[in-house]
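Student: Please take a close look at one part of this protein, a set of paired strands, and put it in the setting of the whole chain.

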Amino acid sequence: MRARWTAVAVVLLGGLLSGCQVSVTGAAGLSAADRQLAQQRAEQQSAVDAALQELAKAPALQYDTTVKDASGNPAELGFRVTRSGDGLGALPFEGRRVQLVEPNGQLYLSADAEYWKSHGLEENSTQFGTGWVQTVGTELPMDPAARLSPPKLADALRNALPTLYRAGPPQRQKLADGTEVYELGSLGALQVSTAQPHRVVSFSPALLDPRSGPKLGTAFRVRPLAGAELKQFHTDFDAAVDGLGQPFDGLAQASVTVLSDKLNCQDFVGSCKTTVDVANNVVGGKPGSKPTVHLKLSVEISAETLGVETCTAQTDAAAGSTVSMSCSVKFVLPNRTASYQVQAKPAAVGEVRVPVDPNGLKAKLATTFAALGG
């Protein structure tokens, strides 16, 4: 019995060995064309990986895109952003040129009235179109700080790679400036230079977000900033912060009420002064913010046979407060003694404004750029 079991084991083992020998002997080798294609694809993948690694390490990036202006002519827009998401420049949101200043997580936007109308702010569109407006990134098609800083962009492009690699040889293209690039995806959605050091040359915003990305156009050219360009970025950023002034609060609204009306006219002089109490109430705004309300008072003062005169006044008030405002007019009196009945019709409106501390913001920018070498 023992010898019989031994013989069976030998036969089985021999069968297993024969199977392994047949499998190895029968494996087909790659053709020269297949080996060449595999090498080309490996070189492309290595270039893309290296380019994304360099992109993620950049201290800051410059984005450029070409759009059409109001006359239909090509116009260049540029946007710069640091590793931490401090951004400055212009982007094409939904075909409209929008200026952005985004220091230390605070977002200020400047666009024409038509932009604000298209975002459902018909009532405030005129005033918003005249200056800077503070808002938040979630109100935009794409928040630059959250999507366009070097590490954020590198991560997003890396996540999109599985949809970009195609069968067949890598596609190459020579650009107008002589740079040869790999083109990945449909219509060159991602371009990476073929020569070392490899870098991302351009990409489609749709790669960052299929739904909101196309609202920024079809392609951005991108390159790292360092040295003198980084120092200039810092200088330009400081100047932009100084130019913000007193931005509107894009997330809040104010209601204004005239509570009293005191009219005082001087005999034989013709001057009349109206004093009113103006109360405001603010709804909305960023949590923890302390906005001010810029009040505009207009008073129409009329006197029988003397006509109508109008005066105005402006002041700033804390949100939810009541302040006193006044303005005066002067009538031309005829050269005779007479009495006149005078009436005043005051009206007031309020604009919610956001206090800006330019020195504080520039101090934080100085720390940021010092760490980046700018």
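Tutor: What follows goes from the strands to the whole protein. This is a predicted model, in which local features need pLDDT of at least 70 and side-chain atom pairs count only at pLDDT 80 or more, while totals for chains, interfaces and linings use all residues. Residues are numbered from 1 along each chain as its sequence is written, and side-chain values use heavy atoms, with hydrogens and water left out.

Strand E9 covers residues 190-193 and strand E10 residues 200-203; the two pair in the antiparallel sense over three bridges. Strands here are DSSP runs of E with at least two residues, helices are runs of H or I with at least four, and both are numbered from the N terminus. Two strands pair if DSSP finds at least two bridges between them. Six residues lie between E9 and E10, which form a hairpin. Valine 192 is placed opposite valine 200 of E10. E10 also pairs with strand E11 (residues 220-225), again antiparallel, over two bridges. There, serine 202 has arginine 221 in E11 as its bridge partner.

As for the setting, the protein has eight helices and 18 strands. Its radius of gyration, taken over C-alpha atoms, is 34 Å, well over the 21 Å from the globule rule for 374 residues, so the protein is more spread out than a compact globule. That rule is 2.2 Å times the number of residues to the power 0.38. Along the principal axes, the C-alpha atoms fill a box of roughly 140 × 60 × 40 Å. Among contacts (heavy atoms within 4.5 Å) between residues at least 6 apart in sequence, 62% join residues at least 24 apart.
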